[in-house]
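Hi,

Here is the structure I promised to pass on. Please have a look at it first, and then read my notes below.

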Amino acid sequence: MELKVQGMTCEGCANAVRRSVARVAPDARVAIDLASGRVTVDGRADEAAVIAAIEKAGYDVAR
Ligand SMILES: [Cu+2]
């Protein structure tokens with residue numbers, strides 16, 4: 001899945017998002033492009049759970 005995440009400004013934010021996704025989708029591969037805010041999650045992952053986890057970390061998700 002590919003998500004657009006708003007509010008990530010630095011590598012620390014990217015890592016926070018990475019950790020949030022890993023919590024709900026431990027087997028998934030996560031790629032983050034900071035400049036565009038694009039978060040790509042490959043593998044077994046429940047989209048609603050991933051979005052909820054990212055939002056809980058304090059970032060806005062647009063699809
Ligand atoms: Cu940051």
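**How the two helices pack**

In this predicted model, helix 1 (residues 11-24) packs with helix 2 (residues 47-56) at an angle of about 140°, and their axes are 8 Å apart. That angle is why helix 1 counts as oblique to helix 2. The crossing of helix 1 past helix 2 is right-handed.

On the helix 1 side, the residues that meet helix 2 are Val17, Ser20, Val21, Arg23 and Val24; their counterparts in helix 2 are Ala49, Val50, Ala53, Ile54 and Lys56. Sorted by class, this contact has seven nonpolar, one polar and two charged residues.

**The core**

The largest nonpolar core has twelve residues in all: Leu3, Val5, Met8, Val17, Val21, Ala25, Ile32, Val39, Val41, Val50, Ala53 and Ile54. At least two residues of this core come from each of strand 1 (2-6), helix 1, strand 3 (38-42) and helix 2. Helix 2 gives the largest share, three residues.

Val21 is worth a look on your screen. Leaving aside residues up to four places away in sequence, Val21 touches Ala28, Val30, Val41, Val50, Ala53 and Ile54.

**A residue to compare**

Is Glu47, which sits in helix 2, buried or partly exposed? Glu47 counts as partly exposed because it has 13 C-beta neighbours inside 10 Å. From Val21, Glu47 is 26 residues away in sequence, and the C-alpha to C-alpha distance is 10.0 Å.

Happy to talk it through whenever suits you.

Best wishes

Methods
Residues numbered from 1 in each chain as written. Predicted model: local features only at pLDDT ≥ 70, side-chain atom pairs only at ≥ 80, totals over all residues. Axes fitted to C-alpha atoms, helices over the stretch in contact; angles between N-to-C directions. Helix = DSSP H or I, 4+ residues; strand = E, 2+ residues; numbered from the N terminus. Parallel < 35°, antiparallel > 145°, perpendicular 65-115°, else oblique. Left-handed = near helix turned anticlockwise from the far one by under 90°. Contact = placed C-beta atoms within 7 Å. Nonpolar A, V, L, I, M, F, W, Y, C, P; charged D, E, K, R; others polar. Core = buried A, V, L, I, M, F, W, Y, C linked by C-beta atoms within 7 Å. Buried ≥ 20, exposed ≤ 12 C-beta atoms within 10 Å, placed from the backbone.
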